[in-house]
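Here's a quick tour of a structure you haven't met before. Take a look at it first, and then we'll go through a pocket, some helix packing and a pair of rings.

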Amino acid sequence: MEKQSAYYQNIYRRYLEYMRISGYKKDTQKQYGCAVSDFLHWLEANSVVTLQSLTPEHIQQHYRYLCIRPNKIYAGILSDTTVSHSLCAITLLLSYCEQTGQISKNPISGLVFPKPAYRHRELVTQTEIKELYQAAQTLRERALLGLYYGCGLRKKEGGQLNTNDIHYKDQLLYVRTGKGDKRRVIPMSSGVTEDLHNYYQQEREQYSKERCPLPDEKGNPFLLNKRGMRMRGMAANKILSTLIKRCENKAIEEKKICIHSLRHSIATHLLENGLSVEYVRDFLGHQKLDTTQIYTRISKQQLLHIS
């Protein structure tokens with residue numbers, strides 16, 4: 001990407017500092033920063049040299065560009081959600097510039113853009129879950145299923161999990177920093193507890209010593225990748241894809257299953273087995289029942305019976 005003008009570089013630096021002192025999370029700062037950087041480069045490429053000369057039509061043109069822009073990581077174009085996040089980042093930028101007097105009029109204030117459509121998530125049936133467990137060939141693979149299906153962790157929560165967050169004797173798993181910095185305690189089944197303990201005592205410890213992982217600034221990671229370091233979401237999804245291929249079940253392969261699908265599936269299975277919506281809400285770490293309703297496809301009739 002070509003170097004930006006001194007004007008836009010200054011705008012970008014001040015925007016990042018504004019997000020930092022405003023208390024935006026680091027992930028949001030990074031995501032919004034990338035979106036705004038892309039926006040400012042696009043403006044320069046289209047001869048918009050200052051934000052003062054920015055018009056609503058320019059923003060609409062940029063929106064149309066985002067809708068067809070290739071994804072730099074995955075195949076295809078940007079998702080509706082990514083486009084929506086980019087627009088939020090630009091809206092924040094222009095609001096900040098208006099408040100600080102860098103622009104006299106906010107060109108995005110009167111624009112309305114389509115909201116991203118609800119993204120349908122594929123479910124893994126209870127029979128398919130059994131097939132995934134049968135396809136597991138390592139203790140780490142079983143531990144991964146235990147965390148993301150058995151404990152219903154979010155992708156990031158599984159990556160952030162440290163060894164001292166799991167209490168095997170009490171069969172409890174502690175999520176220290178869930179979504180919105182909320183903490184929760186998750187009860188583990190005896191099977192999940194055994195799988196996690198076996199991985200920790202046997203495969204993980206041996207794997208860790210062989211790979212000599214670098215010190216982790218946020219604790220001792222539970223799930224390790226091939227290099228003996230903290231496993232991130234992309235590696236976890238890759239392991240899940242391997243398990244799906246081993247199943248040799250076309251029905252599972254045709255579904256677009258990811259790590260988050262396991263969380264969505266366990267919530268649905270818990271409800272099917274008669275557990276209350278309140279329990280599932282607490283299990284998932286949701287603040288509102290409405291969110292649980294979306295994840296678990298609960299009907300309005302079921303919600304009306306909640307006292």
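Helix α9 gives the second largest pocket the largest share of its lining, namely five residues. Keep in mind that you're looking at a predicted model. The same helix, α9, also packs against α5, with the two axes 9 Å apart, and α5 in turn comes within 9 Å of α6, axis to axis.

**The second largest pocket**

- How much space lies in this pocket? It's about 310 Å³.
- The pocket is lined by 14 residues, and the ones closest to its centre are R140, K226, M231, A235 and I239.
- Three helices each put at least two residues into the lining: α6 (139–150), α8 (190–211) and α9 (233–247).
- By class, the lining has seven charged residues, four nonpolar ones and three polar ones.

**Where α5 meets α6**

- Helix α5 covers residues 126–135, and its axis crosses that of α6 at roughly 150°.
- An angle over 145 degrees counts as roughly antiparallel, so that's the label for α5 and α6.
- On the α5 side, the contact uses I129, L132, Y133 and A135.
- Facing them from α6 are E141, R142, L145, G146 and Y149.
- Sorted by class, this contact has six nonpolar residues, two charged and one polar.

**Where α5 meets α9**

- Here the packing angle is about 100°.
- Angles from 65 to 115 degrees count as roughly perpendicular, so α5 is roughly perpendicular to α9.
- From α5, the residues in this contact are E131, L132 and A135.
- From α9, they are L240, L243, I244, R246 and C247.
- Nonpolar residues number six in this contact and charged ones two, with no polar residues.
- Look out for L132 and A135 of α5: they touch α6, and they also touch α9.

**Aromatic pairs**

- How many aromatic pairs does the structure hold? There are six.
- One of them is Y63 with F113: the ring centres are 4.9 Å apart and the planes sit at 50°, so this pair is tilted.
- Y63 belongs to helix α3 (residues 56–68), while F113 is in the loop between α4 (80–99) and α5, so the pair ties together parts that are 50 residues apart in sequence.

Terms used:
Residues numbered from 1 in each chain as written. Predicted model: local features only at pLDDT ≥ 70, side-chain atom pairs only at ≥ 80, totals over all residues. Heavy atoms only, no water. 1 Å grid on protein atoms, 1.4 Å probe; cavity = no way out; pocket = protein on both sides within 12 Å on 5 of 7 lines; lining within 4 Å. Points joined across faces, edges and corners; volume = space filled by probe spheres on them. Helix = DSSP H or I, 4+ residues; strand = E, 2+ residues; numbered from the N terminus. Nonpolar A, V, L, I, M, F, W, Y, C, P; charged D, E, K, R; others polar. Axes fitted to C-alpha atoms, helices over the stretch in contact; angles between N-to-C directions. Parallel < 35°, antiparallel > 145°, perpendicular 65-115°, else oblique. Contact = heavy atoms within 4.5 Å. Phe/Tyr/Trp six-rings, centres within 6.5 Å; stacked < 30°, edge-to-face > 60°.
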